Amino acid sequence: MRIGLLTEGGYPYVSGDARHWCDRLVRGLDRHEFDVYALSRGRHQEAECRVPLPPQVRRVRTAPLWTAEDDGVAYGRRARRRFAECYGELAAAVTAGDGAGAGARADAASDAAPASGDLADRFGSALYGLAELARENGGLVGALRSDAAVRALERACHAPRAPRTAHEARVPDLLAVAAHLERALRPLSLDWYGDDGLGAADLCHATTGGPAALCGLLARHFSDVPLLVTEYGVQLRSHYLTLGPDAAAPAVRALLAAFHGRLAAEVYRRAAILTPGNAHARRWQERCGADRARIRTVYPGMEADRFTEAGESPDRADPDTLVWVGRVEPAKDLVSLLHAFAEVRKEHPEARLRIVGAPSGAEGAAYLGHCRALAAQLFPDEAEGAHAVGDNPVSFEEIGAPEAPTLPDAYAVGAVVVLSSVVEGFPISLVEAMLCGRATVSTDAGAVVEVIGGTGLVVPPRNPRALAEACVALLRDPERRARLGAAARARALELFTVEQNIAAFHGIYLEIVSRCPVRRVVLDESGEPLPFATPAESHVPGRWTRPTPRVIPGWATNTPVRATPLATAEGAR
């Protein structure tokens with residue numbers, strides 16, 4: 001089958017969160033064809049190289065999310081009136097009910113749920129109306145940046161039933177919201193949804209929510225292509241965390257949270273199947289209106305082979321060493337880890353801590369500097385002198401350094417691997433430690449408890465004393481470490497491998513196509529529908545037929561398009 005793979009800020013670029021599992025998925029499903037539709041997040045990403053693509057990737061189409069030139073489309077009077085109606089209806093659906101306050105608290109997922117089915121229908125109708133307008137007129141960027149959009153937002157905020165936070169929106173707030181909506185709705189102006197694009201796919205697979213899933217919604221609307229949405233990190237939750245109290249005014253936060261809540265609800269409502277990467281993401285989807293019957297949890301797949309040597313060599317571990325591996329950033333809470341290690345040293349003076357990882361951006365670099373200073377302050381005796389670094393019980397390293405040439409080597413040296421995060425999605429580093437057969441101590445954040453499943457110790461986040469007690473307990477009991485490490489490796493090999501991930505998605509692809517086949521009408525030379533134009537063997541892997549005739553979706557049969565020479569059953573032989 002032909003898959004339209006929708007990505008945002010990842011595959012096929014060398015940077016991005018989803019590039020690894022997307023590449024493994026595409027390479028593992030080599031009997032299908034993939035068309036990749038990638039939304040980039042910045043100029044630097046587009047300037048980067050792309051990962052080597054396998055032959056089953058037929059083509060790659062890209063579009064920037066970070067910028068959009070004015071399309072220069074001049075709307076006539078009728079089109080302007082239609083835009084005002086659709087955009088006004090969208091704004092009214094965003095500001096109606098309790099949805100406008102949905103994001104005021106980042107920890108309240110239930111607030112994102114739509115107030116009623118009527119509001120969801122209004123939002124969806126307005127969204128698809130704008131998409132149809134963009135398709136008919138060649139773009140929507142100029143209209144979304146116009147004064148008419150701001151005036152429509154203002155009317156919606158001052159409507160009688162609008163919440164108090166919306167009534168408090170000032171002109172700068174309205175301009176900020178309008179600018180954000182223009183960026184969020186840029187996929188509506190793309191030319192990806194015709195017969196030469198996503199309309200020719202058998203299935204759209206969005207690798208994340210948000211803009212990538214919006215593209216899948218439009219392919220479903222225009223060409224009735226079924227949509228599969230995978231979320232290993234919930235986009236809606238990310239927006240809530242980004243729009244913190246210091247990021248924007250209360251009215252802006254409330255309106256943008258309401259918009260993203262409505263969009264997520266529409267995606268969850270229209271997708272044929274949702275595949276969250278863990279129970280934490282699944283709960284978010286359910287609280288936002290997703291039907292449980294259409295949710296399948298699919299864990300990310302890890303390459304287990306690269307960790308085999310470390311997993312089968314427990315004797316390589318230093319019995320007094322704790323290891324932390326990951327991206328250095330505030331959410332990882334290395335400050336609590338350092339304070340916990342100070343308590344560990346009181347009970348176990350021979351203990352050492354190795355922090356392995358590179359900083360994430362400028363904020364991560366500043367945080368790393370702060371952690372280095374704190375380590376020197378907590379352990380002044382070991383850190384004295386310019387040449388006494390080796391005596392310090394805390395070391396900061398990066399993968400590729402002589403002490404940790406590879407990622408498996410970084411895990412292999414530790415008797416216990418520690419995860420201290422306060423915010424976590426799916427803990428990749430924890431799975432890697434499990435594949436290496438190492439005992440772990442983790443904080444209860446994100447999907448940690450679900451992943452570890454009783455094969456490691458879990459403590460509350462931001463609790464250095466509890467973290468220290470768990471580490472000391474394992475350092476003092478090598479037999480318990482060995483039992484937990486072996487159980488963790490067995491669990492990881494059962495649940496979190498690439499093979500498991502690929503098999504799950506292969507089955508889901510077949511399930512969706514069998515239940516939601518794309519109904520296309522193929523016309524003969526006289527313009528009449530051609531029966532049996534797509535023989536059953538055309539869905540069998542391999543080249544059983546000549547090039548597929550030009551087809552048109554069912555909704556467009558009122559304007560027939562003649563087919564190219566047909567691949568009949570007799571010609572297929």
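**Notebook: Glu 347, Ala 93 and a helix pair**

I began with Glu 347, which counts as partly exposed because its relative accessibility is 47%, between the 20% and 50% cut-offs. I note here that the model is predicted.

Entry on Glu 347. I looked up its place in the fold and found Glu 347 in helix H14, which covers residues 334-347. I then asked which residues Glu 347 touches, not counting those up to four places away in sequence. I found Val 472 and Arg 476. Along the chain, Glu 347 and Arg 476 are 129 residues apart, while their C-alpha atoms are separated by 9.8 Å.

Entry on the whole protein. I went on to the totals. The protein has 573 residues, and 53% of them are buried. I counted 22 helices and 14 strands. Of the contacts with a separation of 6 or more, 74% are between residues 24 or more positions apart. The protein exposes about 25500 Å², and I noted that carbon and sulfur atoms supply 51% of that area.

Entry on cysteines. How many disulfides does the structure hold? I found zero. I also checked the accessibility of two cysteines. Cys 22 has a relative accessible area of 0%, so I entered it as buried. Cys 288 has 1%, and I therefore entered Cys 288 as buried too.

Entry on H3 and H11. I looked up how helix H3, residues 77-95, packs with helix H11, residues 250-270. The angle is about 105° and the axes are 8 Å apart. Are the two helices roughly parallel or roughly perpendicular to each other? They are roughly perpendicular, because an angle of 65 to 115 degrees is counted that way. I listed the residues that meet: from H3, Ala 93, Val 94 and Thr 95; from H11, Leu 255, Ala 258, Phe 259 and Arg 262. By class, this contact has five nonpolar residues, one polar and one charged.

Entry on Ala 93. I picked one residue of that contact for a further look. Ala 93 lies in helix H3. Is Ala 93 buried or exposed? I entered Ala 93 as buried, because its relative accessibility is 0%. Leaving aside neighbours within four places in sequence, I found Ala 93 in contact with Leu 119, Arg 122, Phe 123 and Arg 262. I also looked up Gly 124, which is 31 residues from Ala 93 in sequence and 9.2 Å from it in space, C-alpha to C-alpha.

Terms used. Residues are numbered from 1 along each chain as its sequence is written. This is a predicted model: local features need pLDDT of at least 70, side-chain atom pairs count only at pLDDT 80 or more; totals for chains, interfaces and linings use all residues. Side-chain values use heavy atoms; hydrogens and water are left out. A disulfide is a pair of cysteine sulfur atoms within 2.5 Å. Buried means under 20% relative accessible area, exposed over 50%, partly exposed in between (1.4 Å probe, protein chains only). Helices (H or I, at least four residues) and strands (E, at least two) are DSSP runs, numbered from the N terminus. Contact means heavy atoms within 4.5 Å. Accessible areas come from the Shrake-Rupley method with a 1.4 Å probe; for residues, only the protein chains shown count as cover. Axes are lines fitted to C-alpha atoms, for helices over the stretch in contact, and angles run from 0 to 180 degrees between N-to-C directions. Angles under 35 degrees count as roughly parallel, over 145 as roughly antiparallel, 65 to 115 as roughly perpendicular and the rest as oblique. Ala, Val, Leu, Ile, Met, Phe, Trp, Tyr, Cys and Pro count as nonpolar, Asp, Glu, Lys and Arg as charged, and the others, Gly among them, as polar.
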